[in-house]
Each structure stands twice: as structure tokens, then as C-alpha cells.
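Hi everyone, thanks for making the time this morning. I'd like to walk you through one model, so please have the display open while I talk.

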Amino acid sequence: MYTVSIQELRKAIPTIGVELTPIIQSEPGCGKTSLLNMIEKDLGDTYDYVYVDCPVMDMSDIAMTIPNHTTKSLENYVGSIFKLDSTKPKVILLDEFMKAPKMLQVIFTRLMLERCVGDRKLPEGSIVFGTSNNQSDGVGDTMLAHAGNRVCIMEMAKPTADEWLPWATENMVHPLIRAWVHMFPRALHSYRNEGDGDENPYIFNPKNPQLSYCSPRSLAKASVIMDSRETLGVNATLCALSGTIGASASADMSALMTSEKEIPMYDQILKNPEGIALPESISAQLMTMFMLVDKIQSHDECDSVMKFINRIKADEMQAVFFSMMAKNERTFAFASQNKSITKWMLDNQMMVTDLNG
């Protein structure tokens with residue numbers, strides 16, 4: 001079975017989506033819906049962007065027939081969700097298309113094939129794509145056979161920990177969660193991988209249904225719990241984590257919280273990068289790496305941080321810091337122009353090659 005990454009889809013959908021409708025399938029919580037925002041970021045305001053939450057739509061949300069007493073005929077009025085009062089081409093996401101009622105799937109078929117909503121044609125150059133879960137996930141996704149033959153069904157690969165962490169860094173997911181994912185990459189494995197079925201306690205598995213489990217989505221949502229844990233208290237924090245990412249992940253993450261007291265303050269690192277005490281545990285070092293990437297705001301700060309980083313003997317920790325700096329849009333300018341990082345790249349060419357794939 002061929003699979004495609006979310007970054008490949010980001011390019012593929014605008015490329016083929018004018019004439020052919022891609023339907024993107026993946027496991028729950030892998031980021032399919034975020035493709036609309038990614039495409040908007042790439043294409044800008046040339047298009048109108050339309051999100052259609054298919055399972056909750058009704059016929060009246062799409063179009064209605066209204067009597068025209070002058071002509072004694074029925075006219076088709078299209079729902080405002082499609083923004084057809086604007087002449088811009090559209091990028092339309094039919095989210096969870098395979099969970100839509102069968103009658104709506106029939107209505108959407110004309111949109112996917114002819115780029116029409118009711119009797120109204122979309123502006124030239126409009127792009128239509130859909131998302132859904134894998135049918136093997138057992139969460140109610142079905143599609144009429146004749147409709148499936150008219151679209152392009154593509155399976156999106158579940159992001160690995162290495163692929164998710166740069167996104168999580170760019171979107172300021174709590175450092176403790178990122179450190180935990182780095183230490184427990186199995187949390188983003190797939191139940192279809194050999195050895196990750198019944199043996200992996202963290203992930204979605206249709207054979208052992210549970211409402212709370214680790215996914216790219218739920219791990220990101222757990223960030224607000226970590227940000228609020230002082231207000232929540234220990235018990236409520238662990239209960240909220242368990243109800244968001246599952247009991248196994250919550251228990252493991254609670255052990256990691258005890259390492260936080262080792263993390264040095266960012267201001268103190270800037271003031272005394274070569275003298276401040278280094279965190280001793282691996283978990284605290286990892287959290288420090290992610291915290292530093294979040295906090296750096298200037299080239300001068302980057303110079304001070306690199307003096308601190310160079311004191312950490314573990315190459316893996318330096319590699320985590322460098323990788324996140326290089327893959328984060330906000331910090332890339334610091335990474336590419338900082339002499340210390342440039343020297344590190346030259347001294348660790350093989351590691352840099354591995355990081356860049």
C-alpha cells in the first residue's frame with residue numbers, strides 16, 4: 001500500500017485538485033484537516049477557503065430550491081458557506097466526507113466531478129479535496145463504489161515523532177510533551193505496524209477501542225493542560241492528561257514532570273552560559289533543548305545559548321537542539337547565520353546529513 005506524507009499532500013492537492021478530487025485518508029488525529037490551513041499559507045489570498053464539516057451538514061446547508069413566481073419555476077439557492085458571492089476561485093475541504101449521510105455524498109459527487117454546487121458553477125481554477133479515516137479504523141467511514149471510482153483516494157502516512165516534533169516546536173507545544181515524544185516515539189506509531197498492535201499501550205487501535213489515546217492531535221491538545229498544571233494541581237492534571245492522551249501516556253508523563261525542577265531559567269542561561277549548572281537527567285536535558293528553541297529571540301541570545309549547548313557532552317542533545325532550530329521557520333535565520341552553529345554543522349557533517357534526511 002502506497003502512503004504519502006502530509007508535506008507531499010500539501011503540494012499534491014493544489015497540483016491535481018482542480019481537475020481531480022483527492023480524498024485523503026488516515027488514522028484519527030493525524031492532521032488531515034490542517035491541510036486546508038497549510039494550503040492557505042502556501043497560496044495566499046488568491047483563493048477563498050471553505051471548510052465543510054460533512055457529518056453535521058444538512059441538505060439546507062448546501063442548497064435549497066426557492067419558488068420564482070415570475071417564471072413559475074424553482075431556483076436553486078446555494079448555501080453561503082461556499083462563498084459564491086465572491087469571484088475568487090475556491091479551495092474547498094470536504095472534511096470527514098465518508099461520514100456524511102449518503103444523500104449528501106450524492107450531492108457532493110457533483111461538486112467533486114463537475115465543480116458545481118447545486119446548479120452553480122465554482123469559479124475557474126477552484127480546488128476540491130476531502131478527508132476521511134481509513135475504513136480499517138472502524139469509525140464509520142464508507143463510500144459508494146461508483147463515487148470512489150470518480151475520485152483519487154490517497155492514504156496519508158501517520159507522522160513519525162521526528163516529523164511531528166518540528167511542527168510541535170513551531171506551534172509551541174509544551175516542552176515536556178515534546179521531550180516525552182522524543183523519548184517515547186512509539187506514541188506516534190501506527191497500530192498497523194508489526195509489533196505495534198496489541199503491544200503498544202499509547203496508540204489508537206480499533207481492536208481495543210478507547211476514547212483517549214496518543215495522536216498528533218491529542219498530544220498537541222494536551223499542551224494546555226501542561227501550561228495550566230500549577231492552577232489545576234497534580235490530581236486534576238493527571239486526570240485531564242489521562243482523558244486526553246490515555247492512562248499509559250499520562251502515567252509516563254507524570255514521572256517526567258519530576259525532572260522539571262532541574263531545568264535552568266532562560267534568563268540565567270543568557271547571563272552565565274558557561275557557569276550555570278547543567279541539568280543532569282536526560283529528560284531534563286531534552287526539555288531544556290526544546291525550551292531554548294522556544295525562547296531564543298535574537299542572534300546575540302543564540303550566541304549565549306550556543307556557549308551553554310557546547311558544554312553538554314551528549315551529541316544527541318546537541319542534535320535535538322540543532323534539528324529544531326534548523327526546521328523551525330522562526331529560528332532558521334539564527335541557525336543559518338550563527339557562527340557557533342555553522343561550526344557545529346561542519347564538525348558533525350554526518351549527523352547533519354542524517355537530520356536532513
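Let's begin with helix α2, which lies across β1, β2, β5 (90-95) and β8 and runs at about 175° to β2. Before I go further, please keep in mind that this is a predicted model.

So, what sheet do those strands belong to? The sheet is an open one of five strands, paired in parallel, in the order β2-β5-β8-β1-β9. At its edges you'll find β2 (48-53) and β9 (152-155), each of which pairs on one side only. Ignoring direction, neighbouring strands in this sheet are turned by 20° against each other on average.

Have a look at the pair formed by β1, residues 22-26, and β8, residues 127-133: four bridges connect them in the parallel sense. If you want a particular spot to click on, Gln 25 has Ser 132 in β8 as its bridge partner. Helix α1 packs on the sheet as well, where it touches β1, β8 and β9, and its direction makes about 155° with that of β1.

There is also an antiparallel pair to show you. Strands β3 (residues 63-68) and β4 (residues 73-78) are joined by six bridges, and Ile 66 is partnered with Glu 75 in β4. The hairpin has four residues between these strands, and there Lys 72 takes a positive phi near 55°.

Now for the part I was looking forward to, the largest pocket. How much space lies in it? About 1,100 Å³. Its lining comes to 30 residues, and those nearest the centre are Ile 6, Gln 7, Met 38, Glu 163 and Trp 167. Sorted by class, the lining has 12 charged, 10 nonpolar and eight polar residues. Our two helices from the sheet come back here: α1 (6-16) and α2 (35-43), along with α6 (161-170) and α8 (216-221), each supply at least two lining residues. Which helix gives the most to this lining? That would be α6, with six residues.

Since α6 contributes so visibly, let's stay with it for a moment. Its buried residues are Ala 161, Trp 164, Leu 165, Pro 166, Ala 168 and Thr 169. The cover over them includes α7 (175-183), α8, α14 (282-295) and α16. After α6 comes Met 172, and its phi is positive, near 60°.

That mention of α16 takes me to Ala 326, which is found in this helix, residues 315-327. Is Ala 326 buried or partly exposed? Its relative accessible area is 23%, so Ala 326 counts as partly exposed, given that buried means under 20%. Leaving out residues up to four places away in sequence, Ala 326 touches Phe 332 and Ala 335. For a sense of distance, the C-alpha atoms of Ala 326 and Leu 74 are separated by 59 Å, with their positions 252 residues apart along the chain.

Finally, let me zoom out to the whole chain. There are 19 helices and nine strands in it, and the C-alpha atoms fill a box of roughly 85 × 45 × 40 Å along the principal axes. Of the 357 residues, 47% are buried. Taking contacts between residues at least 6 apart in sequence, 70% join residues at least 24 apart.

That's my tour, and I'm happy to go back to any view you'd like.

Notes
Residues numbered from 1 in each chain as written. Predicted model: local features only at pLDDT ≥ 70, side-chain atom pairs only at ≥ 80, totals over all residues. Heavy atoms only, no water. 1 Å grid on protein atoms, 1.4 Å probe; cavity = no way out; pocket = protein on both sides within 12 Å on 5 of 7 lines; lining within 4 Å. Points joined across faces, edges and corners; volume = space filled by probe spheres on them. Nonpolar A, V, L, I, M, F, W, Y, C, P; charged D, E, K, R; others polar. Pairing = 2+ DSSP bridges. Axes fitted to C-alpha atoms, helices over the stretch in contact; angles between N-to-C directions. Contact = heavy atoms within 4.5 Å. Buried < 20%, exposed > 50% of the residue type's maximum accessible area, 1.4 Å probe, protein only.
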